[in-house]
Amino acid sequence: MEFKVLNYNIDSQEADIMFIVDNNSFICYAHPLRDVQNLKKNKLSFFTFMADNICRADSSFCIEKTDVSYYSYKIQGKFIGNKMVKIGEINIFVDGYIPADIQIDEFISFYCMRIDLMRSEE
């Protein structure tokens, strides 16, 4: 996984970061972000904001930009349980109701208003 910091405000500890995973890229919001240089050294996790229209999907991975807002995306990936979706090498927590009839290892798609970076130490 590669990333590029698009902008970073050290005073407010906010950043827009573009991540490239396989053939997909997406811009996420990061706050608080104290040290951009340590992103490579930390385990990264992601969280969707305002996920909706969650349903079964074809067996493929994608993150597609929508024109609803600057950070909005359509996401499609494998449901791995605990409200988590796997897309390539990353896991994204889904902030929304996942229908009870969707089983682990099925593919789902949904829309979200933003993807946030959440960082945990290795």
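Which strand does Phe49 lie in? Phe49 belongs to strand E4, and we will come back to this residue once the fold around it is in view. Keep in mind that this is a predicted model.

Let's start with the overall architecture. The protein has 11 strands and 0 helices, so its pattern along the sequence reads β-β-β-β-β-β-β-β-β-β-β. For 122 residues, a compact globule would have a radius of gyration near 14 Å, and the 14 Å of this protein agrees with that. Its C-alpha trace spans about 45 × 30 × 25 Å along the principal axes. Among contacts with a separation of 6 or more, 63% join residues 24 or more positions apart.

Now step inside. Of the 122 residues, 39% count as buried. The largest nonpolar core holds 33 residues, and Ile17, Phe26, Phe46, Ile75, Phe110, Ile115 and Leu117 have the most contacts inside it. Strands E2, E3, E4, E7, E8, E9, E10 and E11 each supply at least two of its residues, with the largest share, 5 residues, coming from E3. Ile17 makes a good guide here: beyond its neighbours within four places in sequence, its contacts include Phe26, Leu33, Leu39 and Leu117.

Back to Phe49: is this residue buried or exposed? Its relative accessibility is 34%, and because buried means under 20% and exposed over 50%, Phe49 counts as partly exposed. Setting aside residues up to four places away in sequence, Phe49 touches Asp95, Cys112, Met113 and Arg114.

Finally, the surface: about 7100 Å² is exposed, with carbon and sulfur atoms supplying 48%. The side chains include 13 positive and 18 negative ones, and the centres of these two sets lie 3 Å apart.

Definitions and conventions
Residues are numbered from 1 along each chain as its sequence is written. This is a predicted model: local features need pLDDT of at least 70, side-chain atom pairs count only at pLDDT 80 or more; totals for chains, interfaces and linings use all residues. Side-chain values use heavy atoms; hydrogens and water are left out. A nonpolar core is a set of buried Ala, Val, Leu, Ile, Met, Phe, Trp, Tyr and Cys residues joined through side-chain atoms within 4.5 Å. Buried means under 20% relative accessible area, exposed over 50%, partly exposed in between (1.4 Å probe, protein chains only). Helices (H or I, at least four residues) and strands (E, at least two) are DSSP runs, numbered from the N terminus. Contact means heavy atoms within 4.5 Å. The radius of gyration is taken over C-alpha atoms; the globule rule is 2.2 Å times the number of residues to the power 0.38. Accessible areas come from the Shrake-Rupley method with a 1.4 Å probe; for residues, only the protein chains shown count as cover. Lys and Arg count as positive and Asp and Glu as negative; His and the chain ends are not counted. The place of a charge is taken as NZ of Lys, CZ of Arg, CG of Asp or CD of Glu.
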